[in-house]
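Visitor: Could you take me through one part of this model up close? I'd like to look at the metal site and then step back a little.

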Amino acid sequence: MPTSGPEIEQLIQLLARLPGLGPRSARRAVLHLIKKKEQLMLPLSAALDRAVAAVTVCEVCGNVDTVSPCHICADPRRAESGMLIVVEDVADLWALERAGVGAVRYHVLGGVLSPLDGVGPDDLTIDALLRRAPEFTEIVLAVNATVEGQTTAHFITDRLAPSGIRITRLAHGVPVGGELDYLDEGTLSQALRARTAL
Ligand SMILES: [Zn+2]
C-alpha cells in the first residue's frame, strides 16, 4: 500500500530510476524536496522545465548541450587543436573536461561495439568520426579499458590506418575494466599525458 498520494508516489518512483538512487534514497530526496518546497522544489521544477526545452545533441561531436554546435565545438581556442579525443559516452567527455585536459576537441561514439548486445558499427557514430578525422593530426581513443572498448578501439584503428593520422590511446592509471567517469581527475589527466600509440 502506498503511504502517500499518487503525485508523491510517482515522484519517488521516477527519482528511484536515477543512477545512484534507489527507492529508499528517492523517498528521502522527495521528503527533503517537500520540506524545502520554496527554496528547492520550485526552482528544481523550473530548472527541469527549462532544461527539457533546451537540451540538444551537438551535431558535430555528440555532446549534450543547449546549443548545437555545442560550447566546446564553438570554442575558438579549440578550433586550432589538432587533437581529437574519442569517447564512448558524454559522461566521459564531461569527465575529461573536469580534468582540464586542455583545448582539445571530442567525438562521442554513443557506445561501444558489442555483437552480443547487437551493437554494430552503424549503431555508433563511427562514420561521422571517419569523416571528421582528416581535420586532425592526432586521434586519442579514450575508450574504457573493457573488452568491448578495446574491440571498438581496434576497429576504429583499422579504419583510420590508411589515413596515416597518429592514433593513440590512454595509458597508465586507467584500471582494466574501469570506467572513465569514475576515475579521479588527476588519474585521468595523467592517463591522457601518458597516452601510447596504437
Ligand atoms: Zn560539440
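Guide: Here's a walk around the metal site, followed by a helix pair and the chain as a whole. Keep in mind that this is a predicted model.

Start at the zinc ion. Its protein donors are the SG atoms of Cys-58, Cys-61, Cys-70 and Cys-73, lying 2.3 Å from the metal. The angles among those four donor atoms run from 103 to 114°, and the site is tetrahedral. Follow the donors along the chain and you get the spacing C-x2-C-x8-C-x2-C. Cys-58 sits in the loop between β1 (56-57) and β2 (64-65), while Cys-70 sits in the loop between β2 and α4 (76-79), so this pair ties together parts that are 12 residues apart in sequence. Both Cys-58 and Cys-70 are buried.

Now swing over to the helix pair. The axes of α1 (residues 6-15) and α2 (residues 23-35) come within 8 Å and cross at roughly 130°, which makes α1 oblique to α2. Their crossing is right-handed. On the α1 side, the contact is made by Ile-8, Glu-9, Leu-11, Ile-12 and Leu-15; on the α2 side, the residues include Pro-23, Ala-26, Val-30 and Leu-33.

Then zoom out. The chain has eight helices and seven strands, and its C-alpha trace spans about 65 × 40 × 35 Å along the principal axes. Of the 198 residues, 36% are buried. Among contacts with a separation of 6 or more, 54% join residues 24 or more positions apart.

Conventions. Residues are numbered from 1 along each chain as its sequence is written. This is a predicted model: local features need pLDDT of at least 70, side-chain atom pairs count only at pLDDT 80 or more; totals for chains, interfaces and linings use all residues. Side-chain values use heavy atoms; hydrogens and water are left out. Donors are N, O and S atoms within 2.8 Å of the metal (3.2 Å for Na, K and Ca); water is not among the atoms, so sites may look incomplete. Four donors count as tetrahedral if all angles lie between 85 and 135 degrees; four count as square planar and six as octahedral if opposite donors are over 155 degrees apart and all others between 65 and 115; anything else is irregular. Helices (H or I, at least four residues) and strands (E, at least two) are DSSP runs, numbered from the N terminus. Buried means under 20% relative accessible area, exposed over 50%, partly exposed in between (1.4 Å probe, protein chains only). Axes are lines fitted to C-alpha atoms, for helices over the stretch in contact, and angles run from 0 to 180 degrees between N-to-C directions. Angles under 35 degrees count as roughly parallel, over 145 as roughly antiparallel, 65 to 115 as roughly perpendicular and the rest as oblique. A crossing is left-handed if the near helix is turned anticlockwise from the far one by less than a right angle, and right-handed if clockwise. Contact means heavy atoms within 4.5 Å.
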